[in-house]
Amino acid sequence: MLLLAAASLVAFVLLLYMVSPLISPKPLALPGAHVVVTGGSSGIGKCIAIECYKQGAFITLVARNEDKLLQAKKEIEKHSINDKQVVLCISVDVSQDYSQVENVIKQAQEKLGPVDMLVNCAGMSLAGKFEDLEVSTFEVKPYNVYVTVAYPPDTDTPGFAKENQTKPLETRLISETTSVCKPEQVAKQIVKDAIQGNFSSSIGSDGYMLSSLTCGMAPVTSITEGLQQVVTMGLFRTIALFYLGSFDSIVRRCMMQKAKSETIDKTA
Ligand SMILES: NC(=O)c1ccc[n+]([C@@H]2O[C@H](COP(=O)([O-])OP(=O)(O)OC[C@H]3O[C@@H](n4cnc5c(N)ncnc54)[C@H](OP(=O)(O)O)[C@@H]3O)[C@@H](O)[C@H]2O)c1
């Protein structure tokens with residue numbers, strides 16, 4: 001009886017795996033597609049633009065500094081696969097006037113056609129202690145628009161170097177427990193997940209574990225993905241508790257070190 005139940009379960013899971021591709025979104029064809037990359041003049045955004053260009057896409061780069069944009073354009077154009085491909089540069093601050101951003105995207109669409117893929121990579125991370133920091137969805141599926149949320153690990157970019165300058169010691173030590181990725185590797189994975197219409201994009205086993213653990217009510221792209229999340233959730237939570245324990249011990253050690261040096265300073 002138990003054997004029969006186990007065999008039925010395995011058969012059911014296999015069936016789900018087999019029908020999964022039938023209900024997953026159709027991958028986006030990059031050849032000839034118009035890809036807009038905000039933050040495309042540097043780091044991860046630039047590598048994503050290169051990866052899409054290598055696969056035949058037309059690119060619009062959006063960032064503020066015109067010299068950096070032109071430099072990135074030249075670098076991207078080296079990877080063309082046909083002479084029709086175009087890299088358009090738009091200098092605009094996406095954190096300012098929304099109507100200006102809307103205007104420039106309209107102009108880009110007039111030149112290169114409707115946007116097939118929007119990569120939002122503009123920005124920077126300012127690290128700091130919580131107490132030091134200042135306070136300061138729409139439904140798209142029916143329109144065949146898919147959203148991919150990427151969780152890049154620490155990635156070797158100019159932005160990351162800048163972020164490291166303000167990182168508290170505890171955060172730096174915690175982030176040093178994993179290695180720093182190359183932006184090309186991160187870009188390849190993000191483009192792969194975006195064209196497949198995957199909701200989350202992660203790199204490496206830690207990234208996979210984190211995106212599974214934080215899936216909550218996030219949509220799934222395939223039955224396979226949903227099944228993997230259901231099956232691995234308990235195991236990943238157990239591993240995560242060990243990670244949290246080790247991060248806590250790093251913070252505790254830093255506090256003890258700080259208290260020790262404060263006592264030495266007072267007695268000196
Ligand atoms: N590197 C990492 O380890 C890492 C990890 C996780 C997440 N991220 C996130 O991924 C994104 C890209 O990071 P990155 O390391 O590739 O950074 P980066 O090398 O500094 O590149 C940032 C890009 O965004 C543009 N940009 C910044 N502010 C802008 C604004 N207001 N309007 C328009 N463009 C703007 C910059 O150009 P201009 O300055 O000329 O405008 C540049 O092209 C950031 O949001 C970062 O927080 C990075």
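Author: Quick vocabulary first: helices (H or I, at least four residues) and strands (E, at least two) are DSSP runs, numbered from the N terminus. This is a predicted model, where local features need pLDDT of at least 70 and side-chain atom pairs count only at pLDDT 80 or more, while totals for chains, interfaces and linings use all residues. Residues are numbered from 1 along each chain as its sequence is written, and side-chain values use heavy atoms, with hydrogens and water left out.

Reader: How many helices and strands does the protein chain have?
Author: Picture the C-alpha atoms filling a box of roughly 70 × 70 × 35 Å along the principal axes. The protein chain has nine helices and six strands.

Reader: Which helix holds Val19, and is that residue buried or partly exposed?
Author: Val19 sits in helix α1, which covers residues 2–23. Buried means under 20% relative accessible area, exposed over 50%, and partly exposed is in between (1.4 Å probe, protein chains only). Val19 comes out at 33%, so this residue of α1 is partly exposed.

Reader: And Thr224: which residues does it touch?
Author: Thr224 is part of helix α9, residues 223–267, and it counts as buried because its relative accessibility is 18%. Contact here means heavy atoms within 4.5 Å. Leaving out residues up to four places away in sequence, Thr224 touches Tyr17 and Ser20.

Reader: In what order do the strands of the four-stranded open sheet run?
Author: Two strands pair if DSSP finds at least two bridges between them. In this sheet the pairing is parallel, and the order is β3-β2-β1-β4. The edge strands, each pairing on one side only, are β3 (87–91) and β4 (117–120).

Reader: What is the bridge partner of Val36 in β2?
Author: Strands β1 (residues 34–38) and β2 (residues 58–63) pair in the parallel sense over five bridges. Val36 has as its partner in β2 the residue Thr60.

Reader: At about what angle does helix α2 run to β2?
Author: Axes are lines fitted to C-alpha atoms, for helices over the stretch in contact, and angles run from 0 to 180 degrees between N-to-C directions. Helix α2 (residues 43–54) lies across β1, β2, β3 and β4. Its angle to β2 is about 170°.

Reader: Which elements do the buried residues of α8 pack against?
Author: Helix α8 covers residues 204–213, and its buried residues are Gly207, Met209, Ser211 and Ser212. They pack against β6 (200–201) and α9.

Reader: What share of the protein chain's residues is buried?
Author: The protein chain has 268 residues. Of these, buried residues make up 33%.
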